[in-house]
Amino acid sequence: MFEFLMPFSSYLIFIFGAMLGSFSNVVIFRWPRKESIVFPGSRCPNCQHPIRFYDNIPLLSWFILRGKCRDCGHKFSSRYAMVELLMAVLFVLVWNTHGVSWTTLEYLILVFGLVTASFIDIDHFLLPDVLTFPGTLIGLVGAYFNPERSFLDSLMGFLFGFGFLWVIAYFYQVWRKQEGMGGGDIKLLGWIGAVLGWKVIPFVIVVASIFGSVLGLALAKKSERGLKTVIPFGPYLALGSLIFVCGGENLAFQYLRWFIPEL
Ligand SMILES: [Zn+2]
């Protein structure tokens, strides 16, 4: 019935992704401040003028107004547009990889959750339970109903992801007598495992470790606090998962087959 839309599907998904990116910006900014996600509408942080509905079009408004408030000329952070663009591009990649399927729907929910959680983690060193708990639940319940996924795989993914980081955190604490891995990271990897299955966990950990150490060292070099700079690990775990759902599936399993050829 909607076949006539298929040639435009990537564009429609792009627009849908940009809109959810815009919503994600609201959650990233307001949720940690315990403000309502719905009311009031967006305002300029400088002059407090409500942002007009026609100035609130994802991506487009940012380019038309060159990232400035129409009333006072206050410059908005370019990150708002970046998050919208990122979400839109990720949505298109998931769509082009997995097409019309329940898996696509579940992966889009995961993408929205991971991007939102990552930026909250970057800003506040915090991975909200309000994202990780429902995300994990959707991962497990979705696997039960979705014929393309297996519930056992999802449950093992949750246990493997959660358990792996829990064990690392436990031994780190015993060894160094201080907390190294946040509880949020543990729950995040449990969530990722519940949606993507246990086989994805090693890939996600390797990607996160590589990017985490390279970027972590670069950031530490720039900062005066040196290696003591605290870096949130959540965004790197999210990055590994996003590479997987956006077409990196073969890469991930190829890598795993080096270690376990029977898979
Ligand atoms: Zn203003």
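A residue counts as exposed when its relative accessible area is over 50%, and Lys-34, at 73% relative accessibility, is therefore exposed. The model in which this residue is found is a predicted one. Lys-34 lies in the loop between helix 1 and helix 2, where its phi is positive, about 60°, although the residue is not a glycine. The charged end of Lys-34 also sits over the ring of Trp-31, 5.8 Å from the centre of that ring, and a further arrangement of this kind involves Arg-33, whose charged end sits over the ring of Phe-29 at 3.8 Å from its centre.

The loop that holds Lys-34 has other backbone features that a careful reader may wish to inspect. Pro-40 lies in this loop between helix 1 (9-30) and helix 2, and the peptide bond leading from Phe-39 to Pro-40 is cis, with omega near -15°. Gln-48, also placed in the loop between helix 1 and helix 2, is a residue other than glycine with a positive phi, near 65°; with a relative accessible area of 46%, Gln-48 is partly exposed.

From here the path leads to the metal site. The zinc ion has as its protein donors the SG atoms of Cys-44, Cys-47, Cys-69 and Cys-72, which lie 2.3 to 2.4 Å from the ion, and along the chain these donors follow the spacing C-x2-C-x21-C-x2-C. Ideal angles for four tetrahedral donors are 109.5 degrees. In this model the angles among the four donor atoms are 106 to 113°, and the site of the zinc ion is tetrahedral. Two of the donor residues can be described by their accessibility: Cys-44, at 1%, counts as buried, whereas Cys-47, at 27%, counts as partly exposed.

Lys-75 is found in the loop between helix 2 (60-64) and helix 3 (79-98), and at 55% relative accessibility this lysine counts as exposed. When residues up to four places away in sequence are not counted, Lys-75 touches Arg-66, Gly-67 and Lys-68. The C-alpha atoms of Lys-75 and Ile-51, which are 24 residues apart along the chain, are separated by 13 Å.

The aromatic residues offer another view, since the structure holds 12 aromatic pairs. In one of them, Phe-160 and Phe-164 have ring centres 6.3 Å apart and planes at 90°, so this pair is edge-to-face. Because Phe-160 and Phe-164 are four residues apart in helix 6 (residues 151-176), about one helical turn separates them; Phe-160 is partly exposed at a relative accessible area of 31%, and Phe-164 is partly exposed at 32%. Tyr-170 and Phe-171 likewise form an edge-to-face pair, with 5.5 Å from centre to centre and 85° between the planes. Tyr-170 is partly exposed, with a relative accessible area of 43%, while Phe-171, at 52%, counts as exposed. Elsewhere, ring pairs link Tyr-144, Phe-145 and Phe-151 into a cluster.

The path ends at helix 8. At 1.5 Å a residue, the 23 residues of helix 8 (residues 200-222) should span 33 Å, and the end C-alpha atoms are 33 Å apart, so the expected and modelled spans agree. The buried residues of helix 8 include Val-200, Ile-201, Phe-203, Val-204 and Ile-205, and also Gly-212, Gly-216 and Ala-220. Among the elements that cover these buried residues are helix 6, helix 7 (183-196) and helix 9 (234-259).

Key:
Residues numbered from 1 in each chain as written. Predicted model: local features only at pLDDT ≥ 70, side-chain atom pairs only at ≥ 80, totals over all residues. Heavy atoms only, no water. Donors = N, O, S within 2.8 Å, 3.2 Å for Na, K, Ca; no water. Tetrahedral: all angles 85-135°; square planar, octahedral: opposite > 155°, others 65-115°. Buried < 20%, exposed > 50% of the residue type's maximum accessible area, 1.4 Å probe, protein only. Phe/Tyr/Trp six-rings, centres within 6.5 Å; stacked < 30°, edge-to-face > 60°. Helix = DSSP H or I, 4+ residues; strand = E, 2+ residues; numbered from the N terminus. Lys NZ or Arg CZ within 6 Å of the ring centre and 35° of its normal. Contact = heavy atoms within 4.5 Å. Expected span 1.5 Å × (residues − 1).
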